[in-house]
Amino acid sequence: MGRRVPDDFADFSKYLGSGVKALFSFRSGGDMKDSANMEAFARRHFAGALPVYAKQSHGTVLKEADIQTPSPQPDVDVLVTLDRNVVLLIFTADCIPVYFYDEQASFAGIIHAGWRGVSKNIIISTMDSIEKKYPLRMSSLKTVLGPGICRRHFEVSEELAHVFPEIYVKEKKGKKFVDLKLIIKQQLESSGVKHQNIHDSGLCSFEEGNIFSYRRDKTPERGCAFIRLLSGQAPSPSILEGFVV
Ligand SMILES: [Zn+2]
């Protein structure tokens, strides 16, 4: 008897902890910028939770979401929550979604980390602000780098190469490549996240045909990183009514 293997998403929950559910939708799960499709996916995997998402602008603004948070949040690229009534969404096609979770604080979030955000130090600014604002310890924070473009496929112009420190730029046959995932991992560590608490999914959006890639297909379609707390603030049925998908 064959094991049933889901083919329209990857599940990263186990790298974060038992109190959280973290998925990434594949291309076979359809375009997540299509609201009806996104809501159906959210209903299937995060029943009873309100999807909260942003109009991502490759900036570094962080927004804490709860059941009252309307979507889309303008100019937001980091979503965090303490509320298990919501599921947070970050759309990507080559950019790298960075999931994080602290079990003690029952606190979760996702960063939209593309080259623009990374060049603006979105990882460091996010880690700084959550450490200041929430009762969590960086030493217990768990993180996952979801699917995104790898160093072999992120070819950049001469001009763009100069945006990043030289150690992250490799040259091959006169072309330049940037290792965004390495920058993210090193910045997480320098922010106090333990090496063993950083899991790299190892999935490259450009290589994996079942993941949306803007570089490969020039598509407006997007996959989506989802995260939801499974414990924490209790649902309040009166507020939930009429809200949840
Ligand atoms: Zn690749």
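How many helices and strands are there in the protein?

1. The coordinates under review are those of a predicted model. In this model the protein contains seven helices and 16 strands. Its radius of gyration is 17 Å, close to the 18 Å that the globule rule gives for 245 residues, so the protein is as compact as a globular protein of that length. Taken along the principal axes, the box filled by the C-alpha atoms is roughly 60 × 40 × 40 Å.

2. Burial and contact order complete the overall description. Of the 245 residues, 42% are buried. Where contacts join residues at least 6 apart in sequence, 64% of them link residues at least 24 apart.

3. One element to examine is an open sheet of five strands. The strand order is β1-β2-β16-β8-β3, and the pairing is mixed. At the edges stand β1 (9–11) and β3 (50–52); each has a single partner strand, so one side of each is left without a neighbour in the sheet. From one strand to the next, the twist averages 25°.

4. The pairing at the β1 edge can be specified further. Strands of a sheet pair through backbone hydrogen bonds, either parallel or antiparallel. Here β1 pairs with β2 (residues 20–25) in the antiparallel sense, over three bridges. Within this pairing, S25 in β2 is the bridge partner of F9.

5. Helix α1 (residues 35–45) packs on this sheet. The strands that α1 touches are β2, β3, β8 (86–92) and β16 (223–229). The direction of α1 makes about 125° with that of β3.

6. A separate point concerns two helices that pack together. Helix α3 (residues 122–133) and helix α5 (residues 180–190) meet at an angle of about 25°, and their axes are 9 Å apart. Because angles under 35 degrees count as roughly parallel, α3 is roughly parallel to α5. The crossing of the two helices is right-handed.

7. Which residues form the contact between α3 and α5? From α3 come I123, I124 and M127, which meet I184, Q187 and L188 of α5. An α-helix has 3.6 residues a turn, so residues three or four places apart point the same way. The buried residues of α5 include I184, Q187 and L188. The others in that buried set are L180, K181, I183 and K185.

8. The residue G192 follows α5. Its phi is positive, near 110°.

Conventions: Residues numbered from 1 in each chain as written. Predicted model: local features only at pLDDT ≥ 70, side-chain atom pairs only at ≥ 80, totals over all residues. Helix = DSSP H or I, 4+ residues; strand = E, 2+ residues; numbered from the N terminus. Rg over C-alpha atoms; globule rule 2.2 N^0.38 Å. Buried ≥ 20, exposed ≤ 12 C-beta atoms within 10 Å, placed from the backbone. Contact = placed C-beta atoms within 7 Å. Pairing = 2+ DSSP bridges. Axes fitted to C-alpha atoms, helices over the stretch in contact; angles between N-to-C directions. Parallel < 35°, antiparallel > 145°, perpendicular 65-115°, else oblique. Left-handed = near helix turned anticlockwise from the far one by under 90°.
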